Amino acid sequence: MALSGAAADDVDGLWDWDGRGGLGRALRDLETELRCAICHEFFSAPMALKCGHVYCSRCIRAHISTYPSSPACPTCRRPLSNAGAMELAPPPLLSTLLAKYRRARSGLLAVVGAGGGDAAADTSVAEAAAAKGSAHAERRPYLRQQHFHSMSEKNLRHLAAHLKLKTTGDKAALMQRIKDYTLIHNADCDAAAPRPLEELRREVASMEADRSRGRNFNALSNKAMEALTKGKATMLGFDIPSYQRGFQRLMKEHRKRKRGAGAKPGAGPPAEAPAARRRK
């Protein structure tokens with residue numbers, strides 16, 4: 001949930017720990033446990049379900065109200081009782097621990113330092129081993145499924161940047177990009193020899209480009225059909241009315257030939273009408 005007051009000044013994303021060496025990664029893992037899995041911000045009025053997973057009170061209540069007939073934990077999918085929100089309980093000591101950590105966070109960032117100042121050099125063990133083709137790489141961890149609709153566009157951009165994906169586009173484009181990467185990444189974790197992460201990112205970019213081409217083609221097709229329907233002068237370099245007139249002329253000639261071919265051979269001219277014979 002959104003933070004208020006002075007306490008919010010030292011709160012940013014998990015990416016603050018990138019490029020800070022092994023201690024930075026350890027503190028990042030610690031901080032992950034102090035953040036809500038729905039909004040990805042520090043817990044605000046944390047509440048725990050019976051399965052043990054903790055969320056901001058507002059986040060989990062909103063989630064339960066979204067699925068009133070079959071509420072379940074967003075993380076482990078354990079079904080909740082019909083009471084839903086009645087299962088919520090504040091976890092002991094978590095609020096105190098969180099408040100102390102937030103006060104110490106800016107100091108920890110200063111103490112840990114920038115790890116040489118090169119965030120790009122802080123490659124994860126799994127990514128570095130995969131890039132070198134090591135057979136002894138640590139198993140790559142799965143990415144957590146995100147609850148995008150509760151995230152702000154700013155946080156989506158930060159998340160995309162943390163995953164080293166493009167940060168351009170609107171909120172819908174960012175959501176789709178991160179969804180694609182999460183799906184490909186987690187599926188690749190199941191492989192005996194996971195691919196380098198940069199290859200996965202290129203695949204996401206290729207998927208996005210294919211979708212864009214498909215949308216452009218559909219838009220162009222719709223415009224062409226609209227032009228045909230409304231008889232616009234030109235479309236895609238074709239003179240549509242001229243083609244329509246040519247088609248009508250060909251159809252007229254075809255019907256004329258068809259009528260001529262239907263006459264019986266040697267039948268002679270058609271018989272005169274009785275009225276014509278009487279006039280003679």
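Is His 40 buried, partly exposed or exposed? Select His 40 to start the tour of this predicted model. At 21% relative accessibility, His 40 counts as partly exposed, because buried would mean under 20%.

**Stop 1: His 40 and its loop**

You will find His 40 in the loop between H1 and strand S1 (46–48). Check its backbone too: phi of His 40 is near 65°, a positive value in a residue other than glycine. Most residues other than glycine have a negative phi. Keep that in mind, as a later stop returns to this topic.

**Stop 2: the whole chain**

Now zoom out and colour by secondary structure. The protein chain holds nine helices and four strands. Following the chain from the N terminus, the elements come in the order α-β-β-α-α-α-α-α-α-β-β-α-α. Of the 280 residues in the protein chain, 31% are buried. Among contacts in the chain with a separation of 6 or more, 51% join residues 24 or more positions apart.

**Stop 3: H1 against H3**

Select residues 21–32 for helix H1 and residues 94–112 for helix H3. These two helices pack at an angle of about 165°, and their axes are 11 Å apart. Angles over 145 degrees count as roughly antiparallel, so H1 and H3 are described that way. Their crossing is left-handed.

Show side chains to see who meets whom. From H1 come Leu 23, Gly 24, Leu 27, Leu 30 and Glu 31; from H3 come Tyr 101, Arg 105, Leu 108 and Val 112. The residues of this contact divide into six nonpolar, one polar and two charged. As you look along the helices, recall that an α-helix has 3.6 residues a turn, so residues three or four places apart point the same way.

Before leaving H1, click on Thr 32, which also belongs to this helix. Thr 32 counts as buried, at 18% relative accessibility. Leaving aside residues up to four places away in sequence, Thr 32 touches Leu 14 and Arg 144.

**Stop 4: the start of H5**

Next, select residues 153–162, helix H5, and pick out Glu 153. Glu 153 is partly exposed, with a relative accessible area of 33%. Draw a distance from the C-alpha atom of Glu 153 to that of Lys 171: the two are separated by 5.5 Å, though they sit 18 residues apart along the chain. Beyond residues up to four places away in sequence, Glu 153 touches Gly 169, Asp 170, Lys 171 and Leu 174.

**Stop 5: Lys 164**

Move on to the loop between H5 and H6, where Lys 164 is found. What is the sign of phi at Lys 164? Phi is positive there, about 65°, although Lys 164 is not a glycine. Lys 164 is partly exposed, with a relative accessible area of 41%.

**Stop 6: helix H6**

Finish with residues 171–189, helix H6. Its 19 residues should span 27 Å at 1.5 Å a residue, and its end C-alpha atoms are 27 Å apart, which agrees. Many side chains can be chosen here; the buried residues of H6 include Leu 174, Met 175, Ile 178, Tyr 181, Ile 184 and Cys 189. Charged residue names appear in that buried group too, including Asp 180 and Asp 188.

Make Arg 177, in helix H6, your last selection. Arg 177 is buried, with a relative accessible area of 3%. What does Arg 177 touch, not counting residues up to four places away in sequence? Its contacts are Leu 165, Lys 166, Thr 167, Thr 168, Val 204 and Glu 208.

Terms used
Residues numbered from 1 in each chain as written. Predicted model: local features only at pLDDT ≥ 70, side-chain atom pairs only at ≥ 80, totals over all residues. Heavy atoms only, no water. Axes fitted to C-alpha atoms, helices over the stretch in contact; angles between N-to-C directions. Parallel < 35°, antiparallel > 145°, perpendicular 65-115°, else oblique. Left-handed = near helix turned anticlockwise from the far one by under 90°. Contact = heavy atoms within 4.5 Å. Expected span 1.5 Å × (residues − 1). Buried < 20%, exposed > 50% of the residue type's maximum accessible area, 1.4 Å probe, protein only.
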